[in-house]
There are 2 protein chains.
Amino acid sequence: MEREGPARRGDRPGRGPKVRTAVLTAALAELVDVGYAALTVENVAQRANVHKTTIYRRWGDRDSLVADAMTNLARASVPVRDTRDIVADLRHVARSFVAFLSSPAGRAVVATLQSDASRMPEVVAARRRFFEDRFRQADSLVAGAIARGELPAETDTAELMRTILAPIYLRLLVTAEPVSESVADSAARVALAAARAGALRAERG
Amino acid sequence: MEREGPARRGDRPGRGPKVRTAVLTAALAELVDVGYAALTVENVAQRANVHKTTIYRRWGDRDSLVADAMTNLARASVPVRDTRDIVADLRHVARSFVAFLSSPAGRAVVATLQSDASRMPEVVAARRRFFEDRFRQADSLVAGAIARGELPAETDTAELMRTILAPIYLRLLVTAEPVSESVADSAARVALAAARAGALRAERG
């Protein structure tokens, strides 16, 4: 990704949401271009046209920056939509997720998971926080479906979301099988059938 | 793993199953000790006390050797048992798999999946072949359950096995959540519920 023209001095953004957007966009672009291991705060700063101390002041370190960029991206790319029809809404989650994974940013995320970097303790911790946050975002969707009688009362949101994501990640990261929209639809069907059979209650282990 | 004493000249094994076992055991030990990327045919040969041309003649290359060692290990570690009770047999698959993943060899397999090596084309191809083979091994288990009326007639073995493995790998490779026997039992329950609801038919995409 190249700039349209040379940056002018007056372009340097100050504080506020513009800086945040510029930095997170630059972090993702760096992730796509050079990968997680080679990503540096210095290069992100240069790309976003801000000073690197701005990034350190706001995000603390490189991993928090990348985690924030990924969370932001996931919220935008795989939105949790509530149309009061759980069948359609779960299929929508699965399809958006498959579509996201075939985008350049999604491929960068998958490549990060398939890299030596993914075992670094700070990356492990960031992954755990990221998914806790994502699963929590679907809580109201599931609560609505339970209230309408579409899902059993004890259905656990995290278990439901894991069941949708799991077969898609399995194909990408483990079995090396292709992922398509029909894989997404199947994942949503399996999750729904399991939930309705009472197999997706909160875990006790 | 250290030898009990120095190898004598007369110990060098000839052809036959003994060589195969010695080489595959050495390959796994190397995988555990140094990891996939650093594993060499030379070091495996030294460890197995055979000449490296023996390995090249028999396995062709490093990746075929590692793939064979993993297939052999998986057959031994996660056996497909048929007691004519699909509920118990699927739980057995899931539990053996979780137990295997916490062994040194299992951890080496997971570390290989979480490494830059996992994206190498020959490793991608080996992974695909490995799981095709593994899924095929469960065909008679599923056929028996269908014949006894425990599963719907169109249940697809590969989809059933993917549904069991997927949430376990998701926790290890993606969400960084702990894996326990209760995770295994939950995976087996979900797969069974989905199969019985007709959500695990052969895929058309």
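## Reading a two-chain model

Mentor: Let us begin with the symmetry: a turn of 180 degrees and a shift of 0.0 Å along the axis lay chain A on chain B with an RMSD of 0.0 Å, the superposition being by least squares on the C-alpha atoms of residues with pLDDT of at least 70 in both copies. The two copies are thus related as by a two-fold rotation axis. This is a predicted model, in which local features need pLDDT of at least 70 and side-chain atom pairs count only at pLDDT 80 or more, while totals for chains, interfaces and linings use all residues. Residues are numbered from 1 along each chain as its sequence is written, chains are lettered from A, and side-chain values use heavy atoms, without hydrogens and water.

Trainee: Which C-alpha of chain A is nearest the axis?

Mentor: In chain A it is the C-alpha of A:Ser115, 2.1 Å from the axis. The same surface serves both copies, since 100% of the contact residues of chain A recur in chain B; contact means heavy atoms within 4.5 Å.

Trainee: How do I read the area that chain A and chain B bury?

Mentor: The size of an interface is often given as the accessible area lost when the parts come together. Here chain A and chain B bury about 3400 Å², 55% of it on carbon and sulfur atoms; the area is found with a 1.4 Å probe and summed over both parts. In contact are 41 residues of chain A and 41 residues of chain B.

Trainee: How many salt bridges does the rule find across the interface?

Mentor: A salt bridge is a side-chain nitrogen of Lys or Arg within 4 Å of a carboxyl oxygen of Asp or Glu. The rule finds four across this interface. One of them joins A:Arg171 to B:Glu159, with the closest N and O atoms 3.7 Å apart.

Trainee: Which helix of chain A gives the largest share of the side that touches chain B?

Mentor: Helices are DSSP runs (H or I, at least four residues), numbered from the N terminus. Helix 9 of chain A gives the largest share, 13 residues. Chain A has ten helices and zero strands.

Trainee: And where is pLDDT under 50 in chain A?

Mentor: pLDDT is the predictor's confidence in each residue, from 0 to 100. Where it is low, the predicted coordinates should not be read in detail. In chain A, it stays under 50 over residues 1-13, whereas the mean for chain A is 88.

Conventions: Buried area is the accessible area (1.4 Å probe) that two parts lose on being put together, summed over both. Helices (H or I, at least four residues) and strands (E, at least two) are DSSP runs, numbered from the N terminus.
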